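The exercises below ask you to read strand pairing, burial and helix packing from a set of coordinates. Work through each task with the sequence and the structure at hand before turning to its solution.

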Amino acid sequence: MKDRDIRSILVASDFSADANHAANRAALLAREHKASLRLLTVVRESLLRELRKYLGAQSDATQRILDSTQLDVDALAARLKDTAEVSERMVRAGDVEAEILAAADHSDVLVLGAHGLNPTRDLLLGTTAERMLRKSRRPMIVVRKEPRAAYQRVFVAVDFSMHSMAALAFAVRIAPSAHLHVFHAFECPYESKLRRADIAEEILRQLQSRCRDQAFANVRNMIEKSEAPVERVSSVVVSGNPRHVTHAAAAEWGADLIVLGKHGHSAIGEFFLGGVTRHTLSRAESDVAVIPHYPRL
């Protein structure tokens, strides 16, 4: 077994439609990689406290909720059995994000649905997936659609940082049979200032050409350094703001998975997702994977 094989996949579920899509995708991935599949549902501790407050300490309502939730997890595991055997079925009481992060520490990939059961709370606070992305140190796949098959068209957005190298390496591992499309959007330095200064159009075209040539060279270098099989890799370089063009380019290419690198774990970085990541996550039509720098795989 290779050191970087995907051996364990965790899916966190609240039994919403999107969470069911995520569970189905996680099962497909577990089968493809011969990995263990772990299920987790978290019951908010604040809900249990409220029940104890109103029903009294002698009430067994909180235990009934936990027991009922365990039955739901068991039912989900039974439904997934035809695709992949579930190795662990967990119900935890506590803070949702904290419990998922703790469980994810023992898996190689975390899989979540794009939205949960509470759309109002998602609107005000961001989805659980988005909040998890700010903190997770594990590769994380946010599932948007009901999966029909293994990933076939994987779109990898790169910016030539080490985070992008980690994203490309993950794309190769998570979808070993897929076609990979490496995408880079560039903006020439000082181009807007030069345009405002009425610099001749010919000079601007030369600047664009040099920027594009350098970007293509960087993309080729990244692909050569990765383990990507060249016969299944294509690439494109476009001029534009990556924040605005990435999700549209992925949709036009027909991607079923977009892979992005996550930049850093600073306090600011954890509170505000990077512009490209946040825009892509909110607008993408496909699943989105966000990979921390040097993920543990």
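**Exercise 1.** Determine which hand the β-α-β unit made by β1, helix α1 and β2 has, and find which residues stand opposite each other in the two strands.

*Solution.* In this predicted model, β1, helix α1 (residues 17-33) and β2 form a β-α-β unit that is right-handed. The next step is the pairing itself: β1, residues 8-12, runs parallel to β2, residues 36-44, and 5 bridges connect the two strands. Within this pair, leucine 10 of β1 faces arginine 38 in β2, while alanine 12 has leucine 40 of β2 opposite it.

**Exercise 2.** Establish to which further strand β1 is joined, and how far β1 is enclosed.

*Solution.* Strand β1 is also joined to β4 (residues 109-113), in the parallel sense and through 3 bridges, and here isoleucine 9 is found opposite valine 109 of β4. Turning to the side chains, one begins from the rule that in a regular strand they alternate between the two faces of the sheet. In β1, Ser8, Leu10 and Ala12 point one way, whereas Ile9 and Val11 point the other way, and all of them are buried, that is, under 20% relative accessible area. Because 5 of the 5 residues of β1 are buried, the strand is largely enclosed by the rest of the structure.

**Exercise 3.** Write down the strand order of the sheet and identify the strands at its edges.

*Solution.* The sheet is open and contains 10 strands in the order β3-β2-β1-β4-β5-β10-β9-β6-β7-β8, with mixed pairing. Reading off the two ends gives β3 (86-94) and β8 (233-239), each of which has a single partner strand, so one side of each is left without a neighbour in the sheet. Between neighbouring strands of this sheet the average turn is 20°, direction ignored. As a last step, consider the helix at β8: α9, residues 201-225, lies across β7 (179-186) and β8, and runs at about 155° to β8.

**Exercise 4.** Describe how α10 and α12 pack, and sort the residues of their contact by class.

*Solution.* Helix α10 (residues 242-253) packs with helix α12 (residues 275-283) at an angle of about 35°, the axes being 8 Å apart, and the crossing is right-handed. From α10 the contact takes Pro242, Arg243, Thr246 and His247, and from α12 Gly275, Val276, His279, Thr280 and Arg283. Sorted by class, the contact of α10 with α12 comprises 2 nonpolar, 5 polar and 2 charged residues.

Note on methods. Residues are numbered from 1 along each chain as its sequence is written. This is a predicted model: local features need pLDDT of at least 70, side-chain atom pairs count only at pLDDT 80 or more; totals for chains, interfaces and linings use all residues. Side-chain values use heavy atoms; hydrogens and water are left out. Two strands pair if DSSP finds at least two bridges between them. Helices (H or I, at least four residues) and strands (E, at least two) are DSSP runs, numbered from the N terminus. Axes are lines fitted to C-alpha atoms, for helices over the stretch in contact, and angles run from 0 to 180 degrees between N-to-C directions. Contact means heavy atoms within 4.5 Å. Buried means under 20% relative accessible area, exposed over 50%, partly exposed in between (1.4 Å probe, protein chains only). A crossover is right-handed if, with the strands pointing away from the viewer, the path from the first strand over the helix to the second runs clockwise. A crossing is left-handed if the near helix is turned anticlockwise from the far one by less than a right angle, and right-handed if clockwise. Ala, Val, Leu, Ile, Met, Phe, Trp, Tyr, Cys and Pro count as nonpolar, Asp, Glu, Lys and Arg as charged, and the others, Gly among them, as polar.
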